[in-house]
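The following paragraphs lead the reader through one protein structure, from its strands to its interior and then to one of its helices. Please keep the sequence and the model in view while reading.

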Amino acid sequence: MLMTSQKTCYINGKSKTAPQMLAVQLLQFLNDLCTPELPPVFVCIGSDRVTGDSLGPLIGTSLSHTPAFPFPVYGTLHRPIHALNLESSVEAIKKRHPGSPMVAIDASLGTRRHQNYITISAGSLCPGAGVDKELMEVGDISITGIINLSGQFAQMSLQSTRLSTVMAMASCISQGILIACTDERKGKQIPHT
């Protein structure tokens, strides 16, 4: 199931076709932003110290361990990008890949109706917003996995999120990204160097 709210697409992460739906949306955004000279960079945000916040590093690790994945990936379980190093990491990435569009990936909290949904949108995301942290916005394209409920006890929600929930969401998002970035069946592979 795909729902669109203004520029944000919501994809039911439990749907069997979720990776394909994510791939279609991501491919559209990437084709709009990328050129052979400016391929995308994937920035996976989160901490492996909090179960609910480990979505980004799990995806980053999965992508970086896939030999066929053609683009730079930052933010893994071994080298996470989180609140304490976000600004310096993003500055370093911009220096290393000047002008390249960034795809920012992070866990998020949401309503009961949207729990287990994946969102994708053109534009940046605000890491830490679900737990009232004010951090810099990141990304030209953003992907989030809504892993638990927002509200008064948001930090507790992140800490008590089941690992199986996060792993399933990370697998789904990773598959969608891999389909979009390595799918040559339709001759629509995005440009890379």
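In this predicted model, a convenient place to begin is the pairing of strands E5 and E7, which run parallel and are joined by eight bridges. Strand E5 spans residues 102–110 and strand E7 spans residues 141–149. Within this pairing, Ala-107 stands opposite Gly-145 of E7. Strand E7 is mostly covered, since nine of its nine residues are buried.

E7 also pairs with strand E6, here in the antiparallel sense and over five bridges. Gly-145 appears again in this pairing, as the bridge partner in E7 of Ile-118. Gly-145 thus has Ala-107 opposite it and is also the bridge partner of Ile-118. From E6 the path continues to strand E2: these two strands pair in the antiparallel sense over five bridges. There, Asn-12 has Tyr-117 in E6 as its bridge partner. Is E6 enclosed or open to the outside? Five of its six residues are buried, and E6 is therefore largely enclosed by the rest of the structure.

The strands lead to the interior. The largest nonpolar core has 38 residues, and the members that touch the most others are Leu-26, Phe-42, Ile-143 and Ile-177. At least two residues of this core come from each of the strands E2 (8–12), E3 (41–44), E5, E6 (117–122) and E7, and from each of the helices H1 (18–33), H2 (55–64) and H5 (163–182). Of these elements, H5 gives the most, with nine residues.

Phe-42 illustrates how distant parts of the sequence meet. Leaving aside residues up to four places away in sequence, Phe-42 touches Leu-26, Leu-63, Phe-69, Phe-71, Pro-72, Val-73, Tyr-74, Val-103, Ile-105, Ile-177 and Cys-181. Apart from the largest core lies another, of 12 residues, which include Val-41, Ile-45, Tyr-74 and Ala-104.

Helix H1 offers a second viewpoint through Phe-29, which is found in this helix. Because buried means under 20% relative accessible area, Phe-29 counts as buried at 15% relative accessibility. Beyond residues up to four places away in sequence, Phe-29 touches Lys-7, Ile-120, Ser-121, Ala-122 and Ile-141. Phe-29 and Gly-123 are 94 residues apart in sequence, yet their C-alpha atoms are 9.9 Å apart in space.

The cysteines deserve a brief comment. Cys-9 is buried, with a relative accessible area of 5%, and Cys-172 is buried as well, at 6%. The structure holds zero disulfides.

Helix H3 completes the tour. In this helix, residues 86–96, the residues Leu-86, Ser-89, Val-90 and Ile-93 are buried. Why do the buried residues of H3 line one face of the helix? Seen down the axis of H3, they fall within an arc of 95°, and so they line one face. The cover over these buried residues includes strands E3, E4 (73–74) and E5. On the other side of H3, Glu-87 and Lys-95 are exposed. The route thereby returns to E5, which joins E7 through eight bridges and is also part of what covers the buried residues of H3.

Terms used. Residues numbered from 1 in each chain as written. Predicted model: local features only at pLDDT ≥ 70, side-chain atom pairs only at ≥ 80, totals over all residues. Heavy atoms only, no water. Core = buried A, V, L, I, M, F, W, Y, C linked by side-chain atoms within 4.5 Å. Buried < 20%, exposed > 50% of the residue type's maximum accessible area, 1.4 Å probe, protein only. Helix = DSSP H or I, 4+ residues; strand = E, 2+ residues; numbered from the N terminus. Contact = heavy atoms within 4.5 Å. Disulfide = S-S within 2.5 Å. Pairing = 2+ DSSP bridges. Arc of directions from axis to C-beta.
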